[in-house]
Amino acid sequence: MLRASLRGTFPSQRLSSIRKASSLFAAQKRQAPTDVHPEVEDALANGKPVVALESTIITHGMPYPTSLEMAQSVERIVRSTGSIPATIAVIGGRIKIGLHPAELERLADQRSNPTAVKLSRRDIAAAIALKKDGGTTCSSTLIFAALAGIKVFATGGLGGVHRGGENTMDISADLHELTRCPVGLVSAGVKSILDIRRTLEYLVRLLKMLRVFISKSFTQETLGVPVVSYAETHDFPAFYTGRSGLESPWRVNDPRTAARILHTHWQLGMSNGALFAVPIPAEYEAVGSTLQEAVEQAVRESEEQNISNLGKAVTPWLLKRVGELTQGKSLASNIALVENTALVGGQIAVEYAKLAGDRHDQDQCYPVTGIPDKPDELSSASDFISSGTTDDLKEQLPNASLIVVGCAAVDITSQPLTDSDLGHHSTSPGKVSMSLGGVGRNIAEAAHRVLSSYGSEFSAETLLVSPVGDDSFGRLLSEETRMLGMRTDGLIPVHGGRSSVCSLLLETSGGLRAGVADMDLVRNMDGHIAREVILARKPKLLAVDGNLSPDALMIVVSECLRNGINVFFEPTSVVKSASILPAIASNLDQLAWSPIAFASPNLLELTHVYQQAQLLDLTSHDRWWQVLDGLGLGSKFRMDLDLLSRREASNHDTSRGNLAFLVEKGVAQMAINLLPFFRQLVIKCGDLGVIVVMHLAGDDAAESSWSTESTNHHGRYVVSRSSTSGDIVVLQHFPAMQLPSNALVNTTGAGDSLVGALLAALVQSPKAFHSKMSLQRTIDIAQHAALLSLQSPLAVSPLLSSLHGQLFH
């Protein structure tokens with residue numbers, strides 16, 4: 001999904017400038033092994049506050065399970081400020097910007113994972129090449145935070161000049177990275193085991209003539225890293241105590257001013273960072289002097305035992321020894337100061353996001369959840385179709401459990417500053433934004449993200465099949481689809497064709513004033529192209545959207561039915577919802593079951609499909625009568641339905657009324673009458689929830705757990721079993737999930753996200769509708785996906801990539 005908010009510039013020009021400014025985008029283009037947690041991805045894409053967190057403190061700084069508890073606590077504290085935590089590490093040779101809970105535990109449990117390494121700049125490439133796990137130090141965390149466009153990094157203590165550094169020239173790489181990474185580092189000062197005075201001098205002075213030290217002191221030119229005490233005084237903190245006896249050049253005591261320093265750096269295009277030194281909480285000051293004495297003893301012992309010559313192993317040894325000497329008191333102080341810097345870091349990040357406002361995207365990256373290892377091998381389907389046979393496709397195209405055939409489009413939205421600015425025959429100042437859209441594409445992205453949340457092995461299970469023009473929009477669709485980690489081998493370039501584009505003009509309130517949709521390319525799509533892909537890869541499930549022509553739908557549906565592939569139909573709109581009926585009519589005589597396995601209409605689309613089926617005399621077809629007679633629905637079903645219709649539509653909001661519309665508006669009747677054509681209907685009812693109506697026959701009825709269920713009005717479902725055929729009809733209502741107040745951002749992709757999540761669940765469990773528990777779980781996943789997208793400015797929320805973990809772990 002494109003994350004550009006365009007301001008008065010031609011979209012391609014604006015997009016180009018953003019990309020050039022994005023280090024992570026460039027790294028991803030070079031196939032850098034970088035994964036961005038979907039929650040962090042969403043935050044970066046939409047200008048939300050993010051705080052980077054290091055991971056060496058987890059892998060090497062504290063014993064397990066304290067290390068895990070500390071890491072979880074720090075993330076919770078960052079969230080409490082309104083910021084998103086992004087713990088950074090390397091796992092299995094891949095850079096992780098933001099960790100899943102299981103990844104955090106994997107790093108923390110040194111007993112099960114004793115080979116995790118400590119990563120500074122010099123170690124990064126080797127660790128990745130050897131597919132190691134590693135905790136990032138201050139220096140490497142700064143590198144990756146800057147790469148991702150994260151502006152605030154909270155940690156415990158900064159590295160610096162080691163004691164005796166005037167002789168050994170032993171200086172932490174942390175200081176160098178602060179000079180070239182535009183990130184605000186929030187710490188409790190410099191680690192107590194280091195030479196604080198010389199570290200401060202080094203930070204504010206420049207190397208001259210390649211000589212770091214002259215007569216055991218430093219030269220006098222500025223290095224360019226602001227050192228700021230985040231306190232009531234200029235005192236620079238000494239890690240375990242609030243005062244080192246040294247002063248910082250600058251002082252702030254509120255997050256807004258600290259954020260303004262970072263924002264000014266960005267405005268001026270400066271590439272250096274800033275150090276905000278936060279004193280340890282006052283209640284830990286009392287033990288500070290005792291802890292410092294232990295530090296001094298540990299340093300002496302390290303020198304006597306030559307530990308000080310062990311390079312990066314010195315710091316873990318010293319921290320462990322200090323803990324031993326203080327009988328664990330230093331550990332409590334360490335945790336307290338890390339939690340304190342996390343709190344301050346989160347507050348600064350929130351204020352920075354406010355300052356950056358809607359210009360935040362100008363230095364943001366385009367984070368993605370993953371890119372296929374060899375994207376160049378995933379050429380377009382048309383390349384194979386035009387050059388060979390279906391056997392060529394079988395050999396060259398990867399497998400796909402789910403194929404989505406439908407529209408991939410570019411959405412352009414324009415909104416004036418005021419409605420009065422919309423004059424005749426002139427341009428008006430305002431906002432123009434661009435994103436990827438199209439019902440089929442949205443559904444495919446949602447399914448891809450949800451399937452990926454089950455595990456990385458499912459990331460290539462979804463294939464979007466859609467025509468794209470050989471124009472700039474077509475290239476944009478292909479490139480951005482790949483950058484989302486999705487397959488592109490189903491995007492079919494059409495020579496001379498115009499890619500699908502939807503251009504909308506909004507009022508200042510957000511309402512639609514006018515729009516133009518150019519969807520001819522999809523409407524004119526040759527169904528035989530999709531047929532070739534189906535033949536080659538026989539998916540478990542195929543979804544089609546209503547943008548396809550009736551002729552194309554007939555070809556696709558017939559091929560699926562011949563090969564035993566279930567079809568899921570998304571109506572797209574009221575006008576297009578009946579486009580599936582000719583395909584149903586052409587196959588009705590040849591089947592002993594309903595031609596379409598699933599359909600997902602809203603209430604208006606359901607009504608239109610029913611009315612059009614009547615006009616086409618499908619409700620007079622012999623097969624229609626046979627199915628309805630076999631259902632054996634009688635007075636008990638009507639009575640049960642009437643009782644269900646009296647229940648409140650919502651468990652939380654009585655203002656939504658009851659379910660009377662099921663009977664009064666004929667919703668249940670229309671759905672039952674459509675069961676000969678659609679085996680399972682998932683009816684989207686907006687804030688009234690979701691209604692599932694389904695028909696189970698033959699083995700499906702016998703094997704389904706619904707065969708032992710009875711109507712339960714409290715459970716919101718009605719079950720009917722035919723005494724003659726054994727067929728089962730189920731009608732169940734699922735109340736809408738509660739949307740947090742003032743959380744609604746965008747309604748354009750909620751329905752598509754719901755359908756995509758449904759498809760993902762059905763790929764995982766083809767008979768998910770066949771038991772009460774699995775159906776509940778499936779609809780929960782789907783509704784939660786819709787809820788996430790309602791709260792995202794993007795049609796499909798990136799948070800769907802962690803949906804399964806959010807709900808079931």
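Let's start with T141, which has 0% relative accessibility and therefore counts as buried, since the cut-off for that label is anything under 20%. Keep in mind that what you're looking at is a predicted model.

To find T141, go to helix α8, which covers residues 138-148. From there, look at what its side chain is doing: it makes a polar contact with the side chain of T136, at 2.8 Å. T136 also turns up when you set aside the neighbours within four places in sequence and ask what T141 is in contact with. The rest of that list is A52, L53, E54, I88 and F153.

Hold on to two of those names, L53 and E54, and let's move on to the empty spaces. The structure holds six cavities of 30 Å³ or more. The largest cavity has about 100 Å³ of space in it. Its lining is made up of 13 residues, and the closest to its centre are L53, E54, I57, M70 and V74. So here are L53 and E54 again: both are among the contacts of T141, and both are among the residues closest to the centre of the largest cavity.

Which elements give two or more residues to that lining? They are α4 (56-61) and α5 (66-80). Of the elements, α5 gives the most, with four residues.

What about the chemistry of the lining of the largest cavity? Its residues divide into eight nonpolar, three polar and two charged. One of the lining residues is E54, and Glu is counted as charged.

Terms used
Residues numbered from 1 in each chain as written. Predicted model: local features only at pLDDT ≥ 70, side-chain atom pairs only at ≥ 80, totals over all residues. Heavy atoms only, no water. 1 Å grid on protein atoms, 1.4 Å probe; cavity = no way out; pocket = protein on both sides within 12 Å on 5 of 7 lines; lining within 4 Å. Points joined across faces, edges and corners; volume = space filled by probe spheres on them. Buried < 20%, exposed > 50% of the residue type's maximum accessible area, 1.4 Å probe, protein only. Polar contact = N/O pair within 3.5 Å; in protein donor to acceptor, adjacent residues only side chain to side chain. Contact = heavy atoms within 4.5 Å.
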